[in-house]
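Student: Please take a close look at one part of this model, the way its strands pair. After that, carry on to the cores, the pockets and any unusual backbone spots.

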Amino acid sequence: MSDRIEVLKTYKTYIGGKFPRSESARTYKVKDSKDNIIANACRCTRKDVRDSLTAARSAFPGWRNRSAYNRGQILYRTAEMLEGRKDQFVKELTNTGFNEKNAGRETETAIDRLIYYAGWTDKYQQVFGTVNPVASAHFNFSNPEPTGIVGIVAPESSPLAGLVSMIAPVIAGGNSCVVLASQANPLPAISFGEVLHASDVPGGVVNILSGYSDEMLPHLSSHMDLNAIWNTISNKKTRKQIDENGALNIKRVLHTVNHIWLDDENHNPYYILEFQEIKTTWHPVGN
Amino acid sequence: MQEQIKYDYLTNYPIDEVGVEERVARLNSRSIKKESKIQALKLALSMIDLTTLEGKDSPGKVIQLCRKALQPHSELPGLPSVAAVCVYPTMVPVAKKELEASDVKVASVSTAFPAGMVKLSAKLEDTRFAIEQGADEIDMVISRGEFLKGNYNFVFDEIAAVKDACGDVHLKVILETGELGTLENVRKASFLAIHAGADFIKTSTGKISPAATQPVTLVMLEAIRDHYLETGKMIGMKPAGGIRKAKQAIQYLVLVKETLGAAWLTPEWFRFGASSLTNDLLMQIVKQESGIYQCTDYFSND
């Protein structure tokens, strides 16, 4: 048995519930903290961004129309799956330079975030929705509804907990998303795609791309079919570009830079509200 | 003269299906980029028969479609208008009124489209009615049941009778290839329609799946080519149904160019029967010109 060669994983992308290679067929090297090459990741381009948007758009109606309760069940299932694969993620994180303790915290935080937002899926409407007093014979309700497709630029510093802290509130609220994984360390993100895939999250609700953010971000942020973008890159020029491109079709733009993603302040229902539209309905009442 | 023709509709010409598919696949691998792509997209746009053939069609819908035919996207005023608007006979006057002052033609389906299961006199009546209403082009269906029975002369006579009723009006003959079963039958039906007087041959009604496919289109284009080489007479081609993406449209244009040559690359000799293709072409044109990926929300929904 000692002659056995270990089977290495080919890291691909996660688009539309499948794991294709980048359309460009290009890859880049992922290194650990000592500059050793540990894997090749897909270097995605604008065409992968385009394909992800198409997948996210077609998945959106089905996902938003799931009952809130069912979305909660699915998020909970995702947490269960991640718990079961905890060792794999801890190993992936330690390979890239995390120490054992921090890798454990990173993974556990990700699991806890999923559980947290699983609980919110059928409650945020009650917290953020209102019944409004009006001076006529109508019931008047304001209710949050998902905005559509959210672009997520995941943080470099926290490749798993940060990533999950962003995906969970977005999909808990019924949106679908296109995620640009951490550039330096995309491996946990791609493996998280496998967890989503095994958890009844419909294909296309979450799409995960690896590569150079400066190659993909302009095409993502300018895409007319993207409804919102959540960015963690602190570079001023990048943020300005996102703001300008966001203005093209009035995307919701949220910048959360320099966050310590493991802190408890990073789980709160207001992150769900960031990607909701408020719909007000007038309903006539007799008397 | 009929006896001397080389390609007739009574002979079974064997077709290498694998060969056809390989040729299509090879031509599909052509890469068309930048300026050529913009040219191809605009050309495809100008070849569209913008179609609405639903039981719930209303004058309002037809009017909207005609406006779109004249000016596909108001934010890009320089775009070509489409080739024609294709409607049911009862909607012809509505379309005619909207398009009167333009080059956009009004095409009408007839002969009891899409099934064609009525007697000949009713088909002729249907055709005459459409022409009276002002149709510039007639899209007729063949009797597939009779064709499959081997009753070729019956089908031939029907097409010839409709052609007679059409006079100078352009006649497109729909083979409904999805019901013909084999590529041999497609080739046979193509010759049959051409010899009976078709100005255009058209793949499908759009009501049957599969509708237009590239292998079927290639076989029909080759029938047109063989007829042209033999007689010097050009016949038009119209794939219809199932062509929704700009990329597909460009692949069809490559098929035409490589099989028939550039002379066929005009709306006079090649058409797309489509509706949703228009918006995808427009989105691609805007993408090419602005560099920004587009969203259907910003294009008229019809």
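Tutor: Two strands count as paired if DSSP finds at least two bridges between them. The strands themselves are DSSP runs of E with at least two residues, numbered from the N terminus. The model is a predicted one, and everything below is computed from it.

Start with the sheet in chain A that has three strands. This sheet is open, its order is β3-β4-β10, and the pairing is antiparallel. β3 (130–131) and β10 (276–284) of chain A are its edge strands, each pairing on one side only. Between β3(A) and β4(A), the latter covering residues 138–146, there are two bridges, again in the antiparallel sense. Two bridges meet the cut-off of at least two, so this counts as a pair. One of the partners can be named: A:Thr130 is bridged to A:Ser142 in β4(A). As background, strands of a sheet pair through backbone hydrogen bonds, in either the parallel or the antiparallel sense.

A further antiparallel pair in chain A is made by β1 (residues 27–31) and β2 (residues 37–42), with five bridges between them. Here A:Tyr28 has A:Ala41 of β2(A) as its bridge partner. β1(A) and β2(A) make a hairpin, with five residues between the two strands. A:Asp35 belongs to the loop that links β1 and β2 of chain A. Its phi is near 70 degrees, which is positive although the residue is not glycine. A:Asp35 has a relative accessible area of 55%, and because the cut-off for exposed is over 50%, it counts as exposed.

β2(A) turns up again in a pocket. The second largest pocket holds about 560 Å³ of space. Of its 21 lining residues, those closest to the centre are A:Leu8, A:Lys9, A:Tyr11, A:Ile38 and A:Ala39. β2 and α3 (86–95) of chain A are the elements that give two or more residues to this lining. The most comes from β2(A), with five residues. Sorted by class, the lining of the second largest pocket has nine nonpolar, six polar and six charged residues.

The largest pocket has a volume of about 1400 Å³. It is lined by 39 residues, and A:Arg50, B:Lys37, B:Lys247, B:Asp280 and B:Gln284 are the ones nearest its centre. The elements that give two or more residues to that lining are α1 (46–64) of chain A, together with α1, α2, α10 and α11 (276–290) of chain B. α1(A) gives the most, eight residues. The lining of the largest pocket splits into 17 charged, twelve polar and ten nonpolar residues.

In the loop between α1 (17–28) and α2 (34–46) of chain B sits B:Ser29. B:Ser29 is exposed, because its relative accessibility is 57% and the cut-off is over 50%. B:Ser290 follows 261 residues later along the chain, and the C-alpha atoms of the two serines are 26 Å apart.

Next come the cores. Nonpolar side chains in soluble globular proteins tend to be buried together. The largest nonpolar core here has 92 residues, with the most contacts inside it made by B:Ile159, B:Val173, B:Phe272 and B:Leu281. Helix α10 (residues 246–260) of chain B contributes the largest share, nine residues. Another core lies apart from it, with 56 residues that include A:Ile152, A:Leu163, A:Ala189 and A:Trp261. Returning to B:Ile159, and leaving out residues up to four places away in sequence, its contacts are B:Met140, B:Ile142, B:Leu171, B:Val173, B:Leu192, B:Ala193 and B:Ala196.

Last, some backbone details in chain B. The loop between β3 and α5 of chain B holds B:Ala112. Like A:Asp35, B:Ala112 is a residue other than glycine with a positive phi, near 60 degrees in this case. B:Ala112 counts as partly exposed because its relative accessibility is 23%, between the limits of 20% and 50%. B:Phe113 and B:Pro114 are joined by a cis peptide bond with omega of about 0 degrees. B:Pro114 also lies in the loop between β3 (105–109) and α5 (120–133) of chain B. A cis peptide bond with omega of about 0 degrees also joins B:Ser209 and B:Pro210. The loop that holds B:Pro210 runs between β6 (200–202) and α9 (214–231) of chain B.

Note on methods
Residues numbered from 1 in each chain as written. Chains lettered and ligands numbered in written order. Predicted model: local features only at pLDDT ≥ 70, side-chain atom pairs only at ≥ 80, totals over all residues. Heavy atoms only, no water. Helix = DSSP H or I, 4+ residues; strand = E, 2+ residues; numbered from the N terminus. Core = buried A, V, L, I, M, F, W, Y, C linked by side-chain atoms within 4.5 Å. Buried < 20%, exposed > 50% of the residue type's maximum accessible area, 1.4 Å probe, protein only. Contact = heavy atoms within 4.5 Å. 1 Å grid on protein atoms, 1.4 Å probe; cavity = no way out; pocket = protein on both sides within 12 Å on 5 of 7 lines; lining within 4 Å. Points joined across faces, edges and corners; volume = space filled by probe spheres on them. Nonpolar A, V, L, I, M, F, W, Y, C, P; charged D, E, K, R; others polar.
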